[in-house]
Each structure stands twice: as C-alpha cells, then as structure tokens.
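This note is intended for a colleague meeting the structure for the first time. Please read the numbered points with the sequence and the model side by side.

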Amino acid sequence: MADKPSMGTWVVDRFGKAVTGMVDEHPRRAARLLHAGFAAKRFQTRHLPEARQLPSGRMGARIALESVTGALDHPQGAVLTSMFMPNELFLAFGLRPLIAEALAEFTTGAWAEEGFVRAAEQGGVPETYCSFHKALIGYAMAGSLEPPRLIANCSVACDANNITFKWLADKLGSPHAYIDVPYKYSEDACSYVADQLRELARGLEQTYGRTLDERVLSEHVARSQETLEALVRSLPLRRRRFMHNDMGLEMQQALDAHIALGTPDTLGMARQQLKDLPGAEEYRGLSLVWMHTAPFFSASLQQLVDCNQRAQIAVSDMCFDQVSLDGWRLEDGVWRRDESVPAWAHTADEPWEAMAERLIKNVFNGPGERRVERVRRIAEVAGADGAVCFCHWGCKETMGVSQLAKRELEAAGIPTLVLDGDCVQRSNNAEGQSSTRMGAFLEMLEARRGEMR
C-alpha cells in the first residue's frame, strides 16, 4: 500500500494544480500566485528554517529564496540572465539577476511546472529540449513573464543556453547582450571576454540609467574570490562528516555560488561552512560526489540520500565549477596549498579580467575532460565512496560526457553510476527504475567498503 501523503505534500500539490490550471486562461494571475508561493517559502527560510540543517545550510536556503523572490519583487531592477554569467557585474549596479535555471527550479519546487512546459511544447518547443529552458520559454509563451528590461547570457555552458535567450529577446522585445567565451584560456582570450563585459556595463548604464562604480565592482570580485577559496578549503572538512543536507539544499547552494556570488551573504555562508563542518558528527555512511543537477523532488531518491545515515551527497560539482585548484595538492591525506602558486592570474584589482578569467576557466566550458578531472579531484579530497552522474533531460553536454566520466572515474578507483532523469518535469522521471538502480549502487559500495577493510 502506498504511503499516505503528508499534509505539506497535499498542500503543495493543490497549490501546483491551482497554478497550472490558470496558465492557459489567466497567465499573469498564475505568475502572481506562484510569486506569492515563493514569498511564503522565503518567509519560512527567514523565520522557520530547517532545524536539521547546519547553520550554513540554513543560510544557503535563505540566500537562494531571497535572490529569486527579490528579483521578482523588483522586475524593473532585474536582469534575465543565465547561471554562468559573472553576476557580480549586475550586483555592483544594484540590479538583481533572475537566473533561468533558478526560476524553473523554484517553479518545480511549487509543483507548478506542467502548465509552463505544456505551453512551450504547444508552441513548438521539442519535447527533448532542456526542461529548465523549456519551462522558462513556457512562461514567455503563456504570457506569464513580464518582458525584462535586459536579457544577458554567455556561451557557457550549453546549446540551449545559446538558443533560449536569443529567442526570448525576440519574443519579448527586450534588448539582448551576449558574451562569447573561448574554450581555451590565454591572456588574449581573457582580454577579449573582459572587453565584452565592459561593453555590457555600458549597455547596463544606458538601459537602467545607473553609473557603475568600479570600486564597488572590485569589492564584489574580491568577495567572489574569497568565497571560492573558502569552498576549496572546505573540501577535506567534508570527509566523514555528516553534512545534514539534501538534494534540494545542494541545488540551492549551487545557485548561491552563481546568482549571489560576490555578496556578503554568500561569503558568509562559505565562511560558516568552515566553522560548521569540523564540529559536525562523524559520518559512517557512504559519501557521494554528485555530477550535475539533482531531482530534489524525487521521493524515492530522497529516502536514499537526504539527511540520511546510510548515504549522503558530500560534494556536488555544480558548487565547484568555478573554483581554482591551482597550487592545491593532497599529500599524505593533507590538503595543502603552495602559496607560491597564485590561485588566479588576475585579482580584484583587475575586476574585468578576473571575471573573464573565471568564466573561461569554468570546467563547464571547453572539453569534457576538464570537468571529469575536477570531479575526480573533489571526490578524492572529500573522501567520496562513489560518484553519481545525473543526466538531466535534454542536457546533451552532460549526456555526452557521462560515459567518459564513468570510464575515467572508475579507472581512478571511484565507482560511478549514470542516472537518467529530469530535474524540472516530474513526468519525465522513471522513479522506480532510478531508485532501484541507486539502491543497488549503494549496496555495491557497501560491499566494496567491506572488502577493503
């Protein structure tokens, strides 16, 4: 017999159905109701945070809700953008980035994605298109998305990213800025991207009637670099420590490390992790490194890894795609940094070049081998027992790299499970199959650990 749904699940389900039912006939009303739901969740993270999470986790959940809901509260001061843009530039202007992936993720969290996905597919968007972008396009096609004053994106990290924003700009009549990012880092490539960012800043000044203070931009970039450094220092602290996390929190903290990178709040979250983890309980279960997005609404997978003594996500690659590991080495079990090796070629004194450098060096940019090597290194330092590569619906880049990841990680002694699913559209998930395969993978890891003792 199936478990009876909880009162909370019933309420969210009814809320999602109410929003979905309005999309076709009353799209703006649907958007307002959804916004009210986000605001209610923001109230919860402010005043009734999850007791089971570490303080840094509660901070991460609040930052994500504040960022998305704040942009919806102030649409005239928002920029519709992508997750991989250097958002310090917008923040330095006092603007609020509204990230496509965040809007889709929060819509799914409210169980309201079906109406927007349906609107996109009825408008001709292929079923195989990335559902993060499909949901955003559905907002526009249904008439639920207020035309933003500016749309800005970069070529990192996927084909859908390059198509969606151009289409939205044409559909909504909004100005569009595009940053072309070379695959390989060089000083010439860095200058090329930095000049594009300067041009974007001039466009922001004209569109929003605001003047950029480069000192403020440098302060944001300095906080970004300090935040990323703190994340790197947290890696060995995750080894055999209970993270008190879940898939939803991992996604929220990945958003924080992009949408709110450069803010005092995100820096505070990273610093708090350095305080929380050494004092967290010893963990005897399995630790996993997670590649790509996570289906945080999947009840069967939640039972296996969410705040669980059997298995947990110790580290996810989407939180560590921008960090610099230059100079860091794991020697005799100690994570050391060679201080003679600079983390970055450009510091906050050169904010344009620093943002450009980080964008080019992002492991989601360029060949898949870079991303796989990053996963290998963070898994090694965090003491992961295995890796899960989640191939999100329509993400050709992750699907393309999945078998390379499995081969290379297993050659490095890290057992790897490749799972197919969807982090936005529930109907695309084979719930039973995923949980069965995940359960079998955990059993294999447990047997392997027993053999190694």
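Are Phe 38 and Phe 106 buried or exposed? The points below begin with that pair and then move outward to the protein as a whole.

1. The model is a predicted one. In it, Phe 38 is buried, and Phe 106 is buried as well. Their ring centres lie 5.8 Å apart with the planes at 80 degrees, so the pair counts as edge-to-face, the cut-off for that class being over 60 degrees. Phe 38 belongs to helix α2 (residues 27–47) and Phe 106 to helix α5 (residues 100–109), so the contact between the rings ties together parts that are 68 residues apart in sequence.

2. The Phe 38 and Phe 106 pair belongs to a set of seven aromatic pairs in the structure. Another pair is formed by Trp 328 and Trp 335: the ring centres are 5.1 Å apart and the planes meet at 20 degrees, so this pair is stacked. Trp 328 has a relative accessible area of 2% and is buried. Trp 335 is also buried, with a value of 12%.

3. Two tyrosine rings have a lysine over them. Lys 166 lies over the face of Tyr 178, at 4.9 Å from the ring centre. Over the ring of Tyr 185 sits the charged end of Lys 361, 4.5 Å from the centre of that ring.

4. Strand β5 (residues 286–291) deserves attention. Six of its six residues are buried, so the strand is largely enclosed by the rest of the structure. On one side the buried residues are Leu 286, Leu 288 and Trp 290, and on the other they are Ser 287, Val 289 and Met 291, so that both faces are covered. Strand β5 runs parallel to strand β6 (residues 311–316), and five bridges join the two. Within β6, Ile 313 is the bridge partner of Leu 288.

5. The protein contains 17 helices and 10 strands. Its radius of gyration is 21 Å, close to the 22 Å given by the globule rule for 453 residues, so the protein is as compact as a globular protein of that length. The C-alpha trace spans about 65 × 60 × 40 Å along its principal axes.

6. Of the 453 residues, 58% are buried. Among contacts with a separation of 6 or more, 79% come from residues 24 or more positions apart. The accessible surface amounts to about 18500 Å², and carbon and sulfur atoms account for 51% of that area.

Methods:
Residues numbered from 1 in each chain as written. Predicted model: local features only at pLDDT ≥ 70, side-chain atom pairs only at ≥ 80, totals over all residues. Heavy atoms only, no water. Phe/Tyr/Trp six-rings, centres within 6.5 Å; stacked < 30°, edge-to-face > 60°. Helix = DSSP H or I, 4+ residues; strand = E, 2+ residues; numbered from the N terminus. Buried < 20%, exposed > 50% of the residue type's maximum accessible area, 1.4 Å probe, protein only. Lys NZ or Arg CZ within 6 Å of the ring centre and 35° of its normal. Rg over C-alpha atoms; globule rule 2.2 N^0.38 Å. Contact = heavy atoms within 4.5 Å. Areas by Shrake-Rupley, 256 points an atom, 1.4 Å probe, with all protein chains shown as cover. Pairing = 2+ DSSP bridges.
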